[in-house]
There are 2 protein chains.
Amino acid sequence: MITLYLAEDQSLLNTALAQLLGLEDDLQVVGTATDGQTALTEILALQPAVVILDIEMPQLTGLDVADALKQQHYAGKVMILTTFAQKTYFERAVQADVAGYLLKDSPSDQLITAIRRVVAGQTLYAPELVVNMLSSEQNPLSKRETEVLQVAAQGGTTKAIAAQLFLSDGTVRNYLSAVFSKLGVHSRLAAVQVAKAHQWL
Amino acid sequence: MITLYLAEDQSLLNTALAQLLGLEDDLQVVGTATDGQTALTEILALQPAVVILDIEMPQLTGLDVADALKQQHYAGKVMILTTFAQKTYFERAVQADVAGYLLKDSPSDQLITAIRRVVAGQTLYAPELVVNMLSSEQNPLSKRETEVLQVAAQGGTTKAIAAQLFLSDGTVRNYLSAVFSKLGVHSRLAAVQVAKAHQWL
DNA sequence: GTTTGGCTATGACAAATGTCACAAAAAAAC
DNA sequence: GTTTTTTTGTGACATTTGTCATAGCCAAAC
């Protein structure tokens with residue numbers, strides 16, 4: 001019998017999956033949560049063989065939970081189950097030694113077979129991710145440039161940005177100018193648009 | 001026996017729900033789709049008693065499908081099943097005479113009872129929506145102001161905005177100035193932030 | 001029938017923004 | 001150990017942006 005724990009923000013999917021997985025002879029759902037903090041506490045108490053984590057959850061994200069479990073040298077397998085194939089999420093998940101990274105756009109029976117394979121020792125990554133990793137352009141901005149743009153995206157004035165980052169007024173304008181040049185735009189708003197589209201922000 | 005059709009973008013939820021609903025004695029899932037166009041065609045062919053529609057789907061949204069079904073004087077009941085309680089979505093749904101508007105953050109057994117009630121002739125709206133409708137502030141911007149801000153949000157220069165809307169350069173600046181004053185900000189970026197936060201954009 | 005509000009426009013001004021050249025220290029890469 | 005990149009800064013300039021006063025036209029409201 002494989003014991004499962006399910007952490008999923010969206011109650012409908014959470015309950016539906018819990019019931020469906022429970023119908024399988026070799027699977028048993030020992031607990032569910034709709035937020036990361038509850039999930040982490042209960043996982044450590046219940047010690048399920050497989051943990052299935054959504055990423056976007058209140059309080060702690062699924063990735064935060066995976067990190068915490070890694071630090072505790074958790075014995076069971078950890079799987080991430082999320083909507084989008086975001087490079088940054090995936091990279092963090094790999095860092096946290098997850099045994100599986102699946103997308104919500106594959107049918108539920110694939111999830112079930114994936115669980116069995118993970119228990120058998122396999123590591124499963126959704127194929128879309130590999131494609132996405134290769135095709136997605138990398139951020140041409142330096143760390144600081146990204147940071148400045150990020151703060152600028154909040155909509156504050158140059159002065160406000162400078163104050164928040166402990167920089168001079170002119171330096172901020174210089175950074176932004178460099179950002180614009182790299183992104184091929186001429187204004188903050190346009191830069192934010194482009195950066196968001198590429199998920200660099 | 002209640003015949004059901006399920007249109008849901010996310011395959012995992014789609015398949016999980018289809019299986020779960022099919023387990024009920026009085027429910028039968030006669031078809032599913034992951035996009036609006038397929039859903040509409042198949043619904044008209046299969047004539048299910050209840051149609052469950054997600055909103056955000058490729059090609060046609062659930063609301064588009066609901067509109068089309070209303071125009072055809074469709075005999076069955078139409079239910080919307082979506083993630084967020086957005087006022088604008090809800091209003092459109094009510095216009096399309098949907099029999100139910102449910103949120104994905106309630107458990108799956110509530111969906112099942114909701115289906116039975118809708119078939120019995122009841123109309124069900126998620127309680128969160130009523131709260132949301134009352135609490136959400138209304139857009140203080142005029143139609144044209146909203147339009148200008150919307151175009152400005154794309155990141156173009158004043159000239160580009162003016163060209164796109166067939167306005168003079170100065171008029172665009174005036175509109176934006178009025179928008180800023182109403183939203184309590186002093187820049188385009190900040191205005192876009194505020195407007196997006198309130199879902200006025 | 002007048003008043004109100006929305007749409008459009010111009011001109012002028014102050015402030016903010018974007019650009020460029022230049023420079024120097026620190027960190028990273030080779 | 002040298003070169004390159006990154007980070008930070010100044011000063012100056014052109015352009016863009018935001019603000020305000022003012023005004024005509026139109027439609028809706030009262």
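Here is a quick briefing on how the two protein chains are built, how they relate to each other and where they meet the DNA. Keep in mind that this is a predicted model. Chain B lands on chain A after a rotation of 180° with 0.1 Å of shift along the axis, at an RMSD of 0.3 Å. The two copies are thus related as by a two-fold rotation axis. They also use the same surface to meet, since 100% of the contact residues of chain B recur in chain A.

**The sheet in chain A**

- Chain A has an open sheet of six strands, and reading across it you get β2-β1-β3-β4-β5-β6, with parallel pairing.
- The edges of that sheet are β2 (27-33) and β6 (124-125) of chain A; each has a single partner strand, so one side of each has no neighbour in the sheet.
- β1 (residues 2-7) of chain A runs parallel to β2(A), and six bridges join them.
- For a spot to look at along that pairing, find A7(A), which sits opposite A33(A) in β2(A).

**Helices on the chain A sheet**

- Helix α3 (residues 62-71) of chain A lies across β3 (50-53) and β4 (77-82) of chain A, and runs at about 170° to β4(A).
- Helix α5 (residues 108-119) of chain A packs on the sheet as well, touching β1, β2, β3, β4, β5 (100-103) and β6 of chain A.
- The direction of α5 in chain A makes about 155° with that of β4(A).

**The sheet in chain B**

- In chain B you'll find an open sheet of six strands with parallel pairing, in the order β2-β1-β3-β4-β5-β6.
- Here β2 (27-33) and β6 (124-125) of chain B stand at the edges with a single partner strand each, so one side of each is left without a neighbour in the sheet.
- β1(B) pairs with β2(B) in the parallel sense over six bridges, and I2(B) stands opposite L27(B) in β2(B).
- β1 (residues 2-7) of chain B also pairs with β3 (residues 50-53) of chain B, again in the parallel sense, over four bridges.
- On the β3 side, L4(B) faces V50(B) in β3(B).
- As a general point, side chains in a regular strand alternate between the two faces of the sheet.

**Helices with the chain B sheet**

- Helix α1 (residues 11-22) of chain B joins β1(B) and β2(B) in a right-handed β-α-β unit.
- Helix α5 (residues 108-119) of chain B lies across β1, β2, β3, β4 (77-82), β5 (100-103) and β6 of chain B, at about 155° to β4(B).

**DNA strand C**

- There are 18 residues around DNA strand C, and T158(A), R188(A), S142(B), R144(B) and Y175(B) come nearest.
- Sugar and phosphate make up 57% of the strand C atoms that come within 4 Å of the protein.
- Two chain A side chains go to the bases: an N or O atom of R173(A) is 2.6 Å from a base oxygen of strand C, and one of N174(A) is 2.7 Å from a base nitrogen of strand C.
- From chain B, a polar side-chain atom of S142(B) lies 2.4 Å from a phosphate oxygen of strand C.
- The elements giving two or more residues to the surface near strand C are α9 of chain A, plus α7 (143-152) and α9 of chain B.
- The largest share of that surface, five residues, comes from α9(B).

**DNA strand D**

- DNA strand D has 18 residues around it, and the nearest are S142(A), R144(A), Y175(A), T158(B) and R188(B).
- Of the strand D atoms within 4 Å of the protein, 59% belong to sugar or phosphate, and the rest belong to bases.
- Two chain A side chains put a polar atom by a phosphate oxygen of strand D: R144(A) at 2.4 Å and Y175(A) at 3.1 Å.
- S168(A) uses its backbone instead, with an N or O atom 2.9 Å from a phosphate oxygen of strand D.
- The elements that give two or more residues to the surface near strand D are α7 (143-152) and α9 (169-183) of chain A, along with α9 (169-183) of chain B.
- α9(A) supplies the largest share of the surface near strand D, at five residues.

Conventions: Residues are numbered from 1 along each chain as its sequence is written. Chains are lettered from A and ligands numbered from 1 in the order in which they are written. This is a predicted model: local features need pLDDT of at least 70, side-chain atom pairs count only at pLDDT 80 or more; totals for chains, interfaces and linings use all residues. Side-chain values use heavy atoms; hydrogens and water are left out. Two strands pair if DSSP finds at least two bridges between them. Contact means heavy atoms within 4.5 Å. Axes are lines fitted to C-alpha atoms, for helices over the stretch in contact, and angles run from 0 to 180 degrees between N-to-C directions. A crossover is right-handed if, with the strands pointing away from the viewer, the path from the first strand over the helix to the second runs clockwise. Copies are superposed by least squares on the C-alpha atoms of residues with pLDDT of at least 70 in both. A residue is near a molecule or strand if one of its heavy atoms lies within 4 Å of it. A polar contact is a pair of N or O atoms within 3.5 Å; within protein, one must be able to donate a hydrogen and the other to accept it, and residues adjacent in sequence count only if both atoms are side-chain atoms.
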